[in-house]
Amino acid sequence: MEKNDPEKSGRNELKKNDVGSPTPRTPPNLSTIDEKSHRDHPQLQPQQTGDHIITTLSNVDDSCFSDQDHNIDQVSQDIDQFTDRLTTVDHKSNPPQVPDVVETFSKIVESRIAKYYSGGQNRMKFTSKMTEEESFFLEAVRRMSKLINAFSEFQSSSGSGSTTNSSLNRTSMVLQKAMSFLEEELRALLEDSRTSLAHLEGLCTKQSSFNSMRDDSDRCAFPPSELRRDEEGDYPAYSPEVVTKMSRIAAAMISAGYESESCQVYSIARRNAFVEALKNLEFDKISVDDVQKMQWEALEGEIAKWIKVVKHCATVLFPAERKLCEEVFSGNPSTSRSLFTNLARAVVVRFLDFAEAIALTRRSAEKLFKFLDMYETLRDLSSAIAQDDSGHDLKSEISAASDRIGEAAVNIFCDLENSIESDVAKNPVPGGAVHPLTRYVMNYLKYACEYKDTLEQIFQQNKKVEQQSVTTEEEEGGLAISSPFSVQLIAVMNLLDENLEAKSNLYKDPSLRDVFLMNNGRYILQKIKGSTEIHQLIGDTWCRRRSSELRQYHKNYQRETWGKVLQCLKHEGLQVNGKVCKAVLKERFKNFNTMFDEIHKTQATWVMSDEQLQSELRVSVTAVVIPAYRSFLGRFRQYLDSGRSAEKYIKYQAEDIETLIEELFDGNPTSMDGILL
């Protein structure tokens with residue numbers, strides 16, 4: 001069998017003037033195995049190889065030879081004895097005479113190869129079980145390889161008999177043909193086992209080249225159970241029997257010095273299979289330029305697809321490929337690791353190219369969560385691939401890409417400060433409601449902190465914030481504990497507080513300013529308490545301080561709004577010389593009515609976003625206003641003239657005022673005039 005690159009193929013070419021002295025083989029560099037198609041490798045063309053062997057065999061004058069005329073077990077035993085005798089010879093300068101059984105054994109193997117190829121185009125290239133015929137062939141290959149290796153220890157001698165030269169040269173030639181056949185058979189097992197279910201069902205009527213001389217009763221590659229399993233999507237869908245057969249073929253080729261060939265066939269077939277699997281997942285390579293040109297909405301879809309594919313590879317495809325490598329090359333762990341690492345690298349590079357392109361896109365706040373998803377996906381991918389030292393370099397490549405994604409995520413999160421600082425409003429939010437900035441920032445932080453562990457990790461790696469600004473504390477022992485991410489989170493919260501304080505100054509009414517701060521403060525506190533992750537990062541101390549500030553806003557509101565109203569209901573100043581001054585009393589009732597009407601009209605349009613806070617505020621107002629009004633009314637209404645005059649000044653009963661207080665903060669604008677007053 002001819003090779004384009006004899007040095008790469010590494011086949012043991014025995015020259016007639018150098019009997020039994022094959023060229024020493026060097027271990028193959030698996031990282032250089034080519035991925036080209038079979039068209040670029042003439043030595044890997046199945047049909048060309050088969051035709052070449054058939055042609056060669058037809059030129060050998062052995063038409064009358066039949067292995068049935070020989071006791072194969074006896075011939076095999078004689079070969080083993082001769083090989084063992086060669087290994088015990090002390091003087092390697094004078095090789096012993098080669099017995100005729102070597103020539104006979106070579107002819108037997110050669111005739112078997114010819115029979116395997118006699119099936120022509122319609123033969124099937126694998127069976128589900130290892131047959132006795134196949135076992136004999138692999139053992140024969142092992143014997144020939146061992147014989148040639150044993151004889152190669154002897155120095156070449158020009159005085160060696162022509163019969164010896166001819167016999168050993170023929171053995172070497174047959175071994176090469178056997179290797180070509182095994183190479184083709186291994187490729188067929190690797191490729192044909194991936195045939196679709198429909199094709200597999202049709203192939204159940206065909207025979208294997210190894211199995212061409214067997215009875216027709218066991219010709220189906222997969223039993224019905226195997227077909228159903230493949231239909232369910234198992235990967236890589238090889239039956240255990242086929243894997244065992246591939247393992248024995250690979251072991252035979254490696255023992256004969258054909259490790260490069262077996263690795264090349266395996267690598268090309270599995271890479272093609274992996275590419276096909278990626279196509280089935282609808283994963284297409286996107287260039288850096290295309291990524292830069294895509295709108296974020298479209299890019300989000302591509303990122304989601306990328307995450308799905310990478311996770312599938314990490315959890316299904318790569319573990320399956322690793323297991324297959326380990327099983328096929330079970331006798332050569334280092335070869336198995338190298339093959340898997342090279343296969344994984346060829347695929348992972350495509351994933352990393354996309355990740356690198358994403359990291360270069362323009363930063364914006366909405367990209368954070370997809371970046372964090374990508375970071376976590378790459379982290380899981382690294383764990384799935386790099387399970388030993390053989391994957392160290394690949395793990396470093398994945399780590400470098402994830403670091404760039406992580407750095408971009410850190411920068412995006414830190415840009416939140418700039419977004420807050422740049423949000424300078426000229427008009428206040430109607431009714432003192434929760435500001436859109438507050439909702440945006442707190443929801444953003446809530447979702448971001450769902451990635452708490454990941455953000456802690458990437459902030460620790462990048463350390464974008466100063467360690468001196470520690471503000472998170474643990475109650476126990478009073479020890480301050482911080483992390484770069486928690487410090488950054490506190491910085492964002494403090495900046496939001498400053499921004500809201502500035503926005504509250506847009507309200508001319510101090511009471512509405514306090515309502516605005518209460519609304520936003522309560523919203524922030526509720527979001528923190530509703531998120532275990534944020535609460536853990538910020539700590540109880542910060543929350544207690546925030547609650548204290550809310551209580552102060554509440555007190556400020558009551559003082560600003562109801563302080564003057566309560567002044568009207570004081571008993572002091574109504575008596576002159578021990579008698580109630582009716583004019584002053586009437587003025588008090590009149591001022592109370594005017595103030596209360598104005599408060600109700602204005603504050604009924606104000607908003608209290610939290611129902612509990614709304615209820616608490618109404619209850620507190622009722623608690624201070626109603627008792628004072630009842631007392632004032634009960635003591636002084638008798639001093640007003642009865643009839644219509646009294647009704648003019650006593651506009652409300654206590655129950656009426658209580659009902660009207662319950663209408664405050666409904667955000668139902670009977671009039672929006674004055675909310676900015």
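Me: Helices here are DSSP runs (H or I, at least four residues), numbered from the N terminus. With that in hand, where is the place of E282?

Reply: Keep in mind that we're looking at a predicted model. E282 has a phi near 60 degrees, a positive value in a residue other than glycine. At 56% relative accessibility, this residue counts as exposed, since the cut-off is over 50%. Its place in the chain is the loop between helix 10 (259–280) and helix 11 (288–293).

Me: How many helices and strands does the secondary structure of the protein come to?

Reply: Some background on the chain helps here: 49% of its 677 residues are buried. Among contacts with a separation of 6 or more, 82% come from residues 24 or more positions apart. As for secondary structure, the count is 25 helices and two strands.

Me: F665 counts as what, buried or exposed?

Reply: F665 sits in the segment after helix 25. Its phi is near 65 degrees, again a positive value in a non-glycine residue. Most residues other than glycine have a negative phi. Relative accessibility is 1% for F665, and buried means under 20%, so F665 counts as buried.

Me: At 1.5 Å a residue, how far apart should the ends of helix 18 be, and how far apart are its end C-alpha atoms?

Reply: Helix 18 runs over residues 484–504, which makes 21 residues. The expected span is 1.5 Å times one less than that number, so it should come to 30 Å. The end C-alpha atoms agree with this, being apart by 31 Å.

Me: Is helix 18 largely enclosed or exposed, and how many of its residues are buried?

Reply: K503 is one of the residues in helix 18, and at 5% relative accessibility it counts as buried. Taking the whole helix, it is largely enclosed by the rest of the structure, because the buried residues number 15 of the 21.

Me: Leaving aside neighbours within four places in sequence, which residues is K503 in contact with?

Reply: K503 comes up close to a part of the chain 77 residues away: its C-alpha and that of K426 are separated by 8.3 Å. For contacts, heavy atoms have to be within 4.5 Å. Once the sequence neighbours are set aside, the partners of K503 are D423, A425, H435, L437 and F516.

Me: And R546, which residues does it touch, not counting those up to four places away in sequence?

Reply: R546 is in helix 21 (residues 540–568). With a relative accessible area of 6%, this arginine is buried. Its partners beyond four places in sequence are D497, G521, I524 and L525.

Me: How do the residues of the contact of helix 22 with helix 25 divide into nonpolar, polar and charged?

Reply: Helix 22 (residues 582–603) and helix 25 (residues 654–661) pack at about 25 degrees, with axes 10 Å apart, which means they are roughly parallel, as the angle is under 35 degrees. Helix 22 passes helix 25 in a left-handed crossing. F592, F596 and H600 on the helix 22 side meet I657, L660 and I661 on the helix 25 side. Those residues divide into five nonpolar, one polar and no charged.

Me: What about the contact of helix 3 with helix 5: how do its residues divide into nonpolar, polar and charged?

Reply: Helix 3 (residues 72–88) and helix 5 (residues 132–151) pack at about 25 degrees with their axes 9 Å apart, so helix 3 is roughly parallel to helix 5. The residues making this contact include I72, D80 and F82 of helix 3, together with F136, R142 and K146 of helix 5. The contact's residues come to eight nonpolar, three polar and five charged.

Me: Which residue takes a positive phi just after helix 9?

Reply: Helix 9 (residues 240–255) reaches 22 Å from first C-alpha to last, close to the 22 Å expected for its 16 residues. Its buried residues include V242, K245, I249 and M253. Just past the end of this helix, a phi of about 90 degrees belongs to G257.

Me: What distance separates the C-alpha atoms of D353 and S287?

Reply: D353 lies in helix 13 (residues 333–359). At 32% relative accessibility, D353 counts as partly exposed, because that value falls between 20% and 50%. S287 is 66 residues from D353 along the chain, and their C-alpha atoms are separated by 8.1 Å.

Notes: Residues numbered from 1 in each chain as written. Predicted model: local features only at pLDDT ≥ 70, side-chain atom pairs only at ≥ 80, totals over all residues. Heavy atoms only, no water. Buried < 20%, exposed > 50% of the residue type's maximum accessible area, 1.4 Å probe, protein only. Axes fitted to C-alpha atoms, helices over the stretch in contact; angles between N-to-C directions. Parallel < 35°, antiparallel > 145°, perpendicular 65-115°, else oblique. Left-handed = near helix turned anticlockwise from the far one by under 90°. Nonpolar A, V, L, I, M, F, W, Y, C, P; charged D, E, K, R; others polar.
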